[in-house]
Amino acid sequence: MTAEERQRRTAAADELCATAYADLGGPDTGVALVAVGGYGRGELAPHSDLDVVLVHDDDLDLGELEEKLWYPLWDSGAKLDHAVRSLDQCIAAGEADLRVALGMLDARHLAGDPNLTLRLRTHMLGSWRREARQKLPGFHELVRSRHAITGELAHVSVPDLKEAEGGLRDATALKALVATWLVDVPHVDVERCRQALLDTRDVAHEIAGRASDRITPEMWGQMAGPLGLEDARAVQVHVRDLGRRLTHISRLTWHRVDQVIARPASLRGARKPDLVGIAPGLAVSSGEVVLAQGAKPEADPFLLLRAAAEAAERALPLSPATAARLLRACPELPTPWPAQARHLLVRLLSAGRPMLPVWETLEETRALQRILPEWDLIRSLPHASVIHRFTVDRHVVETCIEASELIRRVARPDVLMVAALLHDIGKCEVGDHSVEGEPIARAVAERIGFTAVEVDLVGMLVRWHLLLSETATTRDPDDPATVQLLLEHVPHPEALSLLVALTEADARAASPQAWTKWRASLVRHLAQRTYAAMLTGASDTEALTVEEPTVEVPAELLADPTRVHIEVDRHAEGASVTVMSRDRVGLLADAAAMFAVQKTSVNAAKVWTQDPIGISVWETDEQHLDPAVLRTRLESIVDGRLDARSRLARPRPGRLEPTVRVRPEASESATVLEIRMDDRPGVVYLVCAALASLGFSVRSAHVSTLGPQAVDVFYVIEADGSLPTDERADAAAYAVREALVRTVTLES
């Protein structure tokens, strides 16, 4: 729906309200029907409410008018949000509730006494301006609280066109800030973005069939035609760019509001700029980094980067006007960059959270294209994985912010920060983004002046930035082949320390689920084993083999072959549960069933034998586990009193068909089965039971969940500890897949 169509819709609603008022013989003086909120601004969407207030003089008796007025509007099918208040009550409500006051700023006359509407508007605007310095801090806190809940329109996976940062509420908030006369905004730009977001919201309402402002993933493609855009990607870029622009304007405006409020009364109204020099060619004025008097950007190719680095390190905005002028005036940097330019870029990237608004200013003024032309490859690019909470470009910035907290752990923080900036640059391509991104990252690293050795290091980090996390969460860290895999791709301890830091920064930037305490412990354990192998020069299977631990077995367990012993060792990441019983095929399956029936999530399991006792250690996130309860569950399963399979089969449709792959490269001493399917309870039990039915033992299991998909890896050996043949390995994979498919079919 275009602006003209919205105007027609609003005009029809106005006529409906005015006619209803006239038909009831509403008085011409002392009473007014007023539109407020979104209706007051005339931005009615297909499913919008009519927000109206019947305002009257304090001493006026409305009789039955207030009751009868709403019935014609209800009968028309209009959605009505209404109130009846005296003029003094309206004023008092605005003084008591900031939200009410903001809605009243857009009061618009519909019917009755126009002078009463004018008095209401005049008083609300006058009060808003007089008390702005006192009210704006509270207003800003409301805005920040909303942003914390809804995220940014430009970057969250399911954006809210109205409530998100950079959405319609922020456009309205900017109008309210302008009404204070304390600050100004680029009106044309704000209104252009607001109208375009209103068009988008109207289409979203029509598709959803209700007043929902959230755009779900499946809606992007449906919105392309009505908005006149090519496809879902084009719609995302269009909407996110609107949100990006409004967010940038809003943040800068709020910063300027804060500066005005904090300014001492003695300096209010002063016209002379308060320039304070901070670096060659740069100064701070009104809390923003600007050009100093006498600056000559035409003779300083480093000034743009210096301005960005200084602003980020001082947690100050970079004036957009200054960034735009530097883009026009500064000479191009030579290729390769001088060391000074590269140093300034690293300073900017290492500034932490204050880097974000400076980076946004560089984007909005197109100055970033001068520094990093490749940025356009990922700008506003959505992530394919639901584990990511941001678009690709924002995720990269967040990775730099996280990496800035880790630079003291590495010997080459400059390499870490550039690798963090470039690690997902390949997501613009169709193939594996790590593979596609390596040559792009190498070209950038070479252009900004890194040596050949440093270019190789950046390229290695980009190519293998997922290696450590994926290996640690889906492989047995104590299997020699696991460490061998790291040694093949990570050349030396310095590279390993950089990879560990990049892995952590990347995961933290993705989402909280991507860097739990458990995942962090797995990555660090594998890194420590790899680091030790590098220092000792150990590379063969025998040198890397880890001996099984020896535990104390209770005497009563040795005396009675039917007994089960369970211990729970609580720690910061959850708990380790040790299960001991007389060794037999199927013991691990029964223990897995115990956890599944108990609804306890399992991260990993390690199994070995101290003749004649089978021992398994299970890692879980849960700390409050009672060993007596677990033992009772396990004994019931072993005795056949509890049928775990029937207990775990629940009607639920499967979204992802199970896949089972044999990974021969993952171990020389076991068959490794990799299973991908829906995340659901009981998978470990079903796999272990299927393998036990063929006489296999499971040496270890590793469970990893990202979004809706579980990636579970099982190290399978024969009952005598030998490596299964290829035929037996294929039989194991087939049996596991049949068990999982059969369960999914049953549940569906």
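Hi everyone, let me start with a small strand. In strand S6, residues 282-285, Leu282 and Val284 point one way while Ala283 and Ser285 point the other way, and all of them are buried. That fits a general pattern: in a regular strand the side chains alternate between the two faces of the sheet. Before I go on, please keep in mind that this is a predicted model.

So who are the neighbours of S6? On one side there is strand S5, residues 276-279, which runs antiparallel to S6 and is joined to it by 3 bridges. One residue pair to look for on your screen is Gly277, whose bridge partner in S6 is Ala283. S5 and S6 make a hairpin with 2 residues between them, and in that turn Gly281 has a positive phi of about 85 degrees.

S6 also pairs with strand S7, residues 288-291; these two run antiparallel and are joined by 4 bridges. Here Leu282 stands opposite Leu291 in S7. S6 and S7 form a hairpin too, with 2 residues between the strands, and Ser286 there takes a positive phi near 50 degrees.

Let me zoom out for a moment. The protein chain has 748 residues, and 54% of them count as buried. Its secondary structure comes to 31 helices and 15 strands. Taken along the principal axes, the C-alpha atoms fill a box of roughly 100 × 75 × 45 Å. If we look at contacts with a separation of 6 or more, 70% of them are between residues 24 or more positions apart.

Now over to a sheet. In what order do its 4 strands lie? The order is S3-S2-S1-S4, in an open sheet with mixed pairing. The edges are strand S3, residues 80-86, and strand S4, residues 108-112, each of which pairs on one side only. From one strand to the next, the twist averages 25 degrees. Strand S1, residues 31-35, pairs with S4 in the antiparallel sense, over 4 bridges. To find that pairing by eye, look for Leu33, which stands opposite Ala111 in S4.

Two helices pack on this sheet. Helix H3, residues 65-75, touches S1, S3 and strand S2, residues 50-56, and the direction of H3 makes about 165 degrees with that of S3. Helix H4, residues 87-96, touches S2 and S3, and its direction makes about 110 degrees with that of S3.

Let's turn to a pair of helices. Two packed helices are described by the angle between their axes and the distance between the axes. For helix H6, residues 114-130, and helix H7, residues 132-150, the axes come within 6 Å and cross at roughly 85 degrees. Which means that H6 is roughly perpendicular to H7. On the H6 side, the residues that meet H7 are Ser127, Trp128, Arg129 and Arg130; on the H7 side they are Ala132, Gln134, Lys135, Leu136 and Phe139. By class, this contact of H6 with H7 has 4 nonpolar, 2 polar and 3 charged residues.

Another helix is worth a look for its burial. How many of the residues of helix H30, residues 683-693, are buried? The count is 10 of its 11 residues, and H30 is mostly covered. The buried residues include Val683, Tyr685, Leu686, Cys688 and Leu691. Just after H30, Gly695 takes a positive phi of about 85 degrees.

I'll finish with two loop residues. The first topic is Asn603, found in the loop between helix H27, residues 587-597, and strand S10, residues 604-610. Is Asn603 buried or exposed? Asn603 is buried, because its relative accessible area is 10%, under the 20% cut-off. The side chain of Asn603 makes a polar contact of 2.9 Å with the side chain of Asp621. Leaving out residues up to four places away in sequence, Asn603 touches Trp518, Glu619, Thr620, Asp621, His702 and Val703.

Then there is Thr335, in the loop between helix H13, residues 320-329, and helix H14, residues 339-349. Thr335 counts as exposed because its relative accessible area is 62%, over the 50% cut-off. For a sense of distance, the C-alpha atoms of Thr335 and His187 are separated by 40 Å, and these residues are 148 apart along the chain.

That's my tour, thanks for listening!

Terms used:
Residues numbered from 1 in each chain as written. Predicted model: local features only at pLDDT ≥ 70, side-chain atom pairs only at ≥ 80, totals over all residues. Heavy atoms only, no water. Buried < 20%, exposed > 50% of the residue type's maximum accessible area, 1.4 Å probe, protein only. Polar contact = N/O pair within 3.5 Å; in protein donor to acceptor, adjacent residues only side chain to side chain. Contact = heavy atoms within 4.5 Å. Axes fitted to C-alpha atoms, helices over the stretch in contact; angles between N-to-C directions. Parallel < 35°, antiparallel > 145°, perpendicular 65-115°, else oblique. Nonpolar A, V, L, I, M, F, W, Y, C, P; charged D, E, K, R; others polar. Pairing = 2+ DSSP bridges.
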